[in-house]
Amino acid sequence: WVSHPDVRDNWVLWVGADAIFVNFDDKGEDVLRRLIREHAAGTDVQVLVTRDPHGRAGNSLSLFNADVILLRRSEWSSKFLQRWWDDPRMKEGRTDQEVLELLYLEDVMGAKSKFVLLPPLTLNSDTLSIVEKPPNQQPVVHLG
């Protein structure tokens, strides 16, 4: 997926099965392209993920929600995803979100300098009230 010649976009969107995009306002700029422009102009940023102050995924530390993530198509992202999925803690019953948060906190592969933690509701719902704001202020509803 990193070097596939038919893929032109530089970013990949990871969306969990229980997340739904609800903002389809075609009058404004696409929310994903706006976030990339505002938060990932430099090549150091590899991951855009939304802070989740009420995380509910197992023993999540509530740093962010791993259900909607923007990933730069790069060798670093490819290696980091492989490292995440191969992490032995996944086999111990930890959730993908728990392990991703631990990798971030442990600064595995320099993750802290590669991640941008977006404000809550940027690409996620408030986990206590999934429809907190109108679609132009909360473009994603996360059901889980």
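Here are three short exercises, with worked solutions, on the predicted model above.

**Exercise 1. Work out which strands sit at the edges of the four-stranded open sheet, and what packs on it.**

Start with the strand order, which runs β1-β4-β3-β5 with mixed pairing. Next, look for strands that pair on one side only: those are β1 (11-15) and β5 (115-118), the edge strands. Going from one strand to the next, the twist averages 20°. Now zoom in on one pair: β3 (residues 47-50) runs antiparallel to β4 (residues 65-72), and four bridges join them. To get your bearings there, find V47, whose bridge partner in β4 is L71. Finally, add helix α4 (residues 96-105), which packs on the sheet and touches β1, β4 and β5. The direction of α4 makes about 55° with that of β4.

**Exercise 2. Find the buried residues of helix α2 and explain why they lie on the same side.**

First, check the helix itself: α2 covers residues 75-86, 12 in total. From first C-alpha to last, α2 reaches 16 Å, close to the 16 Å expected. Then pick out the buried residues, taking under 20% relative accessible area as the cut-off: W76, S77, F80, L81 and W84. They share a side of α2 because they cover an arc of only 130° around the axis. The spacing rule helps here: an α-helix has 3.6 residues a turn, so residues three or four places apart point the same way.

**Exercise 3. Decide which element has the lowest mean pLDDT and which the highest.**

Begin with the whole chain, which averages a pLDDT of 79, with 66% of the residues scoring at least 70. Then go element by element: strand β6 (residues 140-142) has the lowest mean, 62, and helix α5 (residues 111-114) the highest, 96. Keep in mind that where pLDDT is low, the predicted coordinates shouldn't be read in detail.

Methods. Residues numbered from 1 in each chain as written. Predicted model: local features only at pLDDT ≥ 70, side-chain atom pairs only at ≥ 80, totals over all residues. Heavy atoms only, no water. Pairing = 2+ DSSP bridges. Helix = DSSP H or I, 4+ residues; strand = E, 2+ residues; numbered from the N terminus. Axes fitted to C-alpha atoms, helices over the stretch in contact; angles between N-to-C directions. Contact = heavy atoms within 4.5 Å. Expected span 1.5 Å × (residues − 1). Buried < 20%, exposed > 50% of the residue type's maximum accessible area, 1.4 Å probe, protein only. Arc of directions from axis to C-beta. pLDDT = per-residue confidence, 0-100.
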